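Grab a pencil and work through the exercises below with the model on your screen. Try each task before you read its solution.

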Amino acid sequence: MSTFCDGREGCRVLLTDINLGDGITGWELARQIREITPDFPVLYMTSASTPDWESQSVGGSVLIQKPFAPAQLAAAVSQLLGGATSPG
């Protein structure tokens, strides 16, 4: 899990894998973030959970499939910060 930020106020996007190991999932992490900040941009990354995105993701999120190129990551972040998100 990681975020594009430099402290809590500087965070602009949540970037999280779906499978974080034991404990919380990326789906749950995004829901918890959205309880605090309802429209916080969420970018999921996964190699296996794509079929669950529609039913498990928070609205307005974006998902990228691993492995991905740096340009794909940059495009997904740009999409989120530009306000043009895919339904989720």
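**Exercise 1. Work out how Gln65 sits in the chain: what is its exposure class, and what is it in contact with?**

Step 1: Start with the exposure. Gln65 has 35% relative accessibility, so it counts as partly exposed. The cut-offs are these: buried is under 20% relative accessible area, exposed is over 50%, and partly exposed is in between (1.4 Å probe, protein chains only).

Before going on, a word on what you're looking at. This is a predicted model, where local features need pLDDT of at least 70 and side-chain atom pairs count only at pLDDT 80 or more, while totals for chains, interfaces and linings use all residues. Residues are numbered from 1 along each chain as its sequence is written, and side-chain values use heavy atoms, with hydrogens and water left out.

Step 2: Place the residue. Gln65 belongs to strand S4. Helices (H or I, at least four residues) and strands (E, at least two) are DSSP runs, numbered from the N terminus.

Step 3: List the contacts, meaning heavy atoms within 4.5 Å. If you skip the neighbours within four places in sequence, Gln65 touches Thr46, Ser47, Ala48 and Thr50.

Step 4: Check a distance too. From C-alpha to C-alpha, Gln65 and Tyr44 are 8.6 Å apart in space, with their positions 21 residues apart in sequence.

**Exercise 2. Find the salt bridge and say which parts of the chain the pair links.**

Step 1: Recall the rule. A salt bridge is a side-chain nitrogen of Lys or Arg within 4 Å of a carboxyl oxygen of Asp or Glu. Side chains of opposite charge can pair when their charged atoms come close.

Step 2: Search the model. There's one salt bridge in the structure: Lys66 pairs with Asp17, and their closest N and O atoms are 2.4 Å apart. This pair links distant parts of the chain, 49 residues apart, with Lys66 in the loop between strand S4 (62-65) and helix H3 (70-82) and Asp17 in strand S2 (residues 13-17).

Step 3: Look at the cover. Lys66 counts as partly exposed because its relative accessibility is 28%, whereas Asp17, at 13%, counts as buried.

Step 4: Follow the backbone onwards. Lys66 is joined to Pro67 by a cis peptide bond, with omega about -5°. Pro67 is in the loop between S4 and H3.

**Exercise 3. Describe S2 and S3: how are they joined, and which way do their residues point?**

Step 1: Count the bridges. Two strands pair if DSSP finds at least two bridges between them. S2 and strand S3 (residues 42-46) run parallel and are joined by four bridges. Leu14 has Val42 as its bridge partner in S3, and Thr16 stands opposite Tyr44.

Step 2: Sort the side chains. In a regular strand the side chains alternate between the two faces of the sheet. On S2, Val13, Leu15 and Asp17 point one way and Leu14 and Thr16 the other way, and all are buried. On S3, Val42, Tyr44 and Thr46 point one way, with Leu43 and Met45 pointing the other way.

Step 3: Judge the cover. Five of the five residues of S3 are buried, so S3 is largely enclosed by the rest of the structure.

Step 4: Add the other neighbour. S3 also pairs with S4, in the parallel sense, over four bridges. Met45 has Ile64 as its bridge partner in S4.

**Exercise 4. Find the aromatic pair: is it stacked, edge-to-face or tilted?**

Step 1: Get the rule straight. Rings of Phe, Tyr and Trp (its six-membered ring) pair if their centres lie within 6.5 Å; planes under 30 degrees apart count as stacked, over 60 as edge-to-face and the rest as tilted.

Step 2: Apply the rule. The count comes to one aromatic pair. The ring centres of Trp27 and Tyr44 are 4.8 Å apart and the planes are at 55°, so this pair is tilted.

Step 3: Locate the partners. Trp27 is in helix H1 and Tyr44 in strand S3, 17 residues apart, and the pair links distant parts of the chain. Both Trp27 and Tyr44 are buried.
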